Amino acid sequence: KVYGRFEASHRNELWTGDGLHGPKLAGSATRAVLLAFIDDHSRLLVGWRWGTGEDVFRLEAAFRSGLMSRGVPDAVLVDRGSAFVSSQLLRACAVLGVKLIHASPRAATTKGKIERYFRTVRDQFLVEIDDGVELAELNRLFSAWLEVVYHRRVHSETGETPLARFDGAGAPSLPTPALLREAFLWSQERTVTKTATVSLHGNSYEVDAALVGRKVELVFDPFDLTFLRV
């Protein structure tokens, strides 16, 4: 099968997300994982985060950082890994009006741009990073390389730097804090204990005593568990 070359016609038309396994972290056999989203038109890395796994928490952190700084894309293309097919990501995209597209496992070229970007990360950044790096230091070094080197170097296919190509249309329209908060709220059910409490992710919360024994829905921000709605 022959595939034609595709490029989005403008920035934020399409983001592609994926994960890359990196060096082993300090004091652990665990390898760091880069979860990242690239803008198809400009090749700018719009959102990213190095973490200790490829789960929905870290994926949403990477996605959210991109939305806060680069705006809301029309569509996001991802694979069918567990974090990418989660109900939480689907809900976030629905609230934001983003079309969530899952690549076919047999269409190897679909995510070609981010795969090529990951090759650049391996050849130009990870080659300088040894196993045993601290996670915070890895994120700091990657941020410096990304902003000083990758985003400001002319891309071989576009003939422009990713930053200049992305910024060519002016400042992007950013989502409001209220919309972002609503998009990334989670919902889980719990039964209220005899002591009028509910537990969530290792925390205990007091609720109205009239709810003892009843099943309730908890709506919360997974990145800020100091408050939840019942």
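**Exercise 1. The β2-β3 hairpin**

Which residue in β3 is the bridge partner of isoleucine 38? Describe the connection between the two strands as well.

*Solution.* The model is predicted.
- Start with the pair itself: isoleucine 38 has leucine 45 as its bridge partner in β3.
- Next, the pairing as a whole. β2 and β3 run antiparallel and are joined by six bridges.
- Then the turn. The hairpin has five residues between the strands.
- One residue of the hairpin, arginine 43, has a positive phi near 70°.
- For context, most residues other than glycine have a negative phi.

**Exercise 2. Serine 42**

Is serine 42 buried or exposed? List the polar contacts of its side chain with aspartate 39 and leucine 44.

*Solution.*
- Locate the residue: serine 42 sits in the loop between β2 (31-39) and β3 (45-51).
- Check the accessibility. The relative accessible area is 0%. Buried means under 20%, so serine 42 is buried.
- Take the side-chain partner: serine 42 and aspartate 39 are joined by a polar contact of 2.7 Å between their side chains.
- Take the backbone partner: a polar atom of the serine 42 side chain lies 3.2 Å from the backbone nitrogen of leucine 44.

**Exercise 3. The five-stranded sheet**

Work out the strand order of the open sheet of five strands, then identify its edges.

*Solution.*
- The order is β3-β2-β1-β4-β5, and the pairing is mixed.
- β3 and β5 (99-102) are the edge strands; each has a single partner strand, so one side of each has no neighbour in the sheet.
- On average, neighbouring strands are turned by 20° against each other, direction ignored.
- Now look inside the sheet. β1 (residues 14-24) pairs with β2 in the antiparallel sense, over eight bridges.
- A sample pair from these strands: aspartate 18 has alanine 36 as its bridge partner in β2.
- Return to β3. An edge position in the sheet does not settle burial. Six of the seven residues of β3 are buried, so the strand is largely enclosed by the rest of the structure.

**Exercise 4. The three-stranded sheet**

Trace the open sheet of three strands, and follow phenylalanine 220 to its bridge partners in the sheet.

*Solution.*
- The order is β6-β9-β10, with antiparallel pairing.
- β6 and β10 (224-229) are the edge strands, and each pairs on one side only.
- Neighbouring strands are turned by 40° against each other on average, direction ignored.
- Take the β6 side. Six bridges join β6 to β9. Tryptophan 186 has phenylalanine 220 of β9 as its bridge partner.
- Take the β10 side. β9 and β10 pair over three bridges. Phenylalanine 220 has leucine 228 of β10 as its bridge partner.
- Put the two together: phenylalanine 220 bridges to tryptophan 186 and to leucine 228.
- The link from β9 to β10 is a hairpin through two residues.

**Exercise 5. Two positive phi values**

Which loops hold alanine 196 and histidine 201? Compare the backbone and burial of these residues.

*Solution.*
- Alanine 196 is in the loop between β6 (186-191) and β7 (197-200). Histidine 201 is in the loop between β7 and β8.
- Phi is near 60° for alanine 196 and about 50° for histidine 201. Both values are positive, and neither residue is a glycine.
- Burial: alanine 196 has a relative accessible area of 11% and is buried. Histidine 201 has 40% and is partly exposed.

**Exercise 6. Aspartate 208**

Place aspartate 208 and find what its side chain meets in the backbone.

*Solution.*
- Aspartate 208 belongs to the loop between β8 (203-206) and β9 (215-221).
- A polar atom of its side chain lies 2.9 Å from the backbone nitrogen of alanine 210.
- Threonine 197 is eleven residues away along the chain; its C-alpha is 8.4 Å from that of aspartate 208.

**Exercise 7. The second largest pocket**

How many residues line the second largest pocket, and which lie nearest its centre?

*Solution.*
- The volume is about 320 Å³.
- The lining has 17 residues; Arg116, Thr120, Tyr150, His155 and Ser156 lie nearest the centre.
- Sort the lining by class: six nonpolar, four polar and seven charged residues.
- Sort by element: helix α3 (residues 112-125) gives the most, with seven residues.

Note on methods
Residues numbered from 1 in each chain as written. Predicted model: local features only at pLDDT ≥ 70, side-chain atom pairs only at ≥ 80, totals over all residues. Heavy atoms only, no water. Helix = DSSP H or I, 4+ residues; strand = E, 2+ residues; numbered from the N terminus. Polar contact = N/O pair within 3.5 Å; in protein donor to acceptor, adjacent residues only side chain to side chain. Buried < 20%, exposed > 50% of the residue type's maximum accessible area, 1.4 Å probe, protein only. Pairing = 2+ DSSP bridges. Axes fitted to C-alpha atoms, helices over the stretch in contact; angles between N-to-C directions. 1 Å grid on protein atoms, 1.4 Å probe; cavity = no way out; pocket = protein on both sides within 12 Å on 5 of 7 lines; lining within 4 Å. Points joined across faces, edges and corners; volume = space filled by probe spheres on them. Nonpolar A, V, L, I, M, F, W, Y, C, P; charged D, E, K, R; others polar.
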